[in-house]
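This report describes how two ligands sit in a protein chain. The sequence and structure come first, followed by the contacts.

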Amino acid sequence: MFQNNKDTIVAIATPTGRGGVGVVRLSGLDMLPFIAGLIGKPLIARRATYSVFADSEGGAIDEGVALYFPGPSSFTGESVLELQGHGGMVVLDRLVQRCVELGARLARPGEFSERAFFNDKMDLAQAEAIADLIDASSIEAARSAVRSMQGEFSQLINTLVETMIQVRIFVEAAIDFPEEEIDFLQDKTLIVNLDKLAADLAAVLAQAQQGAILRDGLTVVLAGKPNAGKSSLLNALAGNDAAIVTSVPGTTRDVLRERITLGGLPLNIIDTAGLRDSENEIEQEGVRRAWKEIAGADQILFVADATETPNPNLKDLWPEYFELYPRSTQAVTLLLNKIDLSDHSPGKIDETTIAISAKNKSGFDALALHLQKTIGYLGHTEGLFSARRRHLVALQNALTYVQNGIAQLKGAGAGELLAEDLRQAQNELSEITGQFTPDDLLGRIFSSFCIGK
Ligand SMILES: Nc1nc2c(ncn2[C@@H]2O[C@H](COP(=O)(O)OP(=O)(O)O)[C@@H](O)[C@H]2O)c(=O)[nH]1
Ligand SMILES: [Mg+2]
């Protein structure tokens, strides 16, 4: 896929539809033929030049501002030409057609960023952050994406790699001098450095987890008996009537999903069928699906009707869950709902119980705080950077390799095995910034970008 980097690529960089301005962007080794064909006069580098964009007969396709960035001082590192005309579909298409006539080909999604990556204008985590910034669904997500785009995340990874290289040099040296290997490997500073490396990896992983939540949202499942008010709660949180609410128990059968932001925290809220034994085949399937969602959730909110719940205790109310997952590490919270019909006041009752009313939308602040607290999200995003699942996996793998290596060293004093673990750990980290990333993974990452970026 990286063979045709000699081609000049062209794309409409602004969104489809009508707009005040529409931008066509070109990138390639030589913009001069395009400048000659479109503008008909030389352009001064990086200066906005009001121009007529000409067709092959010399007629005007549009007029607007032309910007020329000779390589390597450009976004892609190649020469880039930007034509800022009017934002209409036909006029922009004609402009692109004209560029194709002059020798350009249509860019694939993300191809500009891909070229920037290959020309060392940015690393892979930074390129991904551009796409994340464009796709950000909350202010917090946008802020953290900017931070990653500016290289804060990459910097942390690079520092980890540097430390790792230092330790590796030490270990490899020990292996190269077998007579002294034992002495080398028993040096206290080695184990101290390795422990520090593991701790630093764990800290970056924890931070990246927060960043991933900001990007992807926390998966929250609403579970409970029929008629507890799960669907009402989903509607109240989402601010629309996505779910059907009736007083008939067993109304919800399908799994419903809504993406909302609660106290700055993006949530993927999932409403499920009420859990009960039913003769009805459709409802049975709904309950089966509910259990599947419960198993995959970051957070489970078990909703119960306050008027039917004299003793608000999670384990008594939902023994089925605790029998099924006796060693569960999932966060399960009891939401005592319909308190407008009881004498509870809204808010936190204890660490895992919150009183709410879906009808009056009361107790929601306490719920928001609770969700933030259980995942360790502090509500402020200073120092937070956006991260993707693949980054978390790579960090986790790197940490596991380092921990294995430490165990090898402490156990058998096995220098060779430690060296191999550290090599693998470094590869994992390099995959994040793209120094060591398989082509097909790169292809997948860039192809999910928008066209013109
Ligand atoms: N008074 C009151 N009624 C509620 C509240 N939440 C839900 N309900 C009612 O309880 C019934 C069942 O609600 P629904 O959301 O369909 O429950 P689900 O089966 O758990 O999804 C409906 O008649 C709702 O109007 C609440 O906070 N207060
Ligand atoms: Mg329902």
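In this predicted model, the side chain of K338 places an N or O atom 3.0 Å from an oxygen atom of ligand 1. Two further polar contacts of ligand 1 are listed with it below, one to the side chain of D340 and one to the backbone of T246.

| Ligand 1 atom | Protein partner | Distance |
|---|---|---|
| oxygen | K338, N or O atom in the side chain | 3.0 Å |
| nitrogen | D340, N or O atom in the side chain | 2.8 Å |
| oxygen | T246, polar backbone atom | 3.4 Å |

On its own, ligand 1 has 580 Å² of accessible area, and the protein covers 86% of this.

The shell around ligand 1 consists of 18 residues, and N227, G229, K230, S232 and D340 are the closest. Sorted by class, nine of the shell residues are polar, five are nonpolar and four are charged. Helix 9, which spans residues 230–238, supplies the largest share of this shell, with three residues.

Which protein atoms act as donors to the magnesium ion, ligand 2? They are OG of S231 and OG1 of T252, at 2.0 to 2.1 Å from the ion. S231 belongs to helix 9, while T252 lies in the loop between helix 9 and strand 8 (256–262). The two donor residues are 21 residues apart, and the pair thereby links distant parts of the chain. Are S231 and T252 buried or exposed? Both residues are buried.

Key
Residues numbered from 1 in each chain as written. Chains lettered and ligands numbered in written order. Predicted model: local features only at pLDDT ≥ 70, side-chain atom pairs only at ≥ 80, totals over all residues. Heavy atoms only, no water. Near = heavy atom within 4 Å. Polar contact = N/O pair within 3.5 Å; in protein donor to acceptor, adjacent residues only side chain to side chain. Areas by Shrake-Rupley, 256 points an atom, 1.4 Å probe, with all protein chains shown as cover. Helix = DSSP H or I, 4+ residues; strand = E, 2+ residues; numbered from the N terminus. Nonpolar A, V, L, I, M, F, W, Y, C, P; charged D, E, K, R; others polar. Donors = N, O, S within 2.8 Å, 3.2 Å for Na, K, Ca; no water. Buried < 20%, exposed > 50% of the residue type's maximum accessible area, 1.4 Å probe, protein only.
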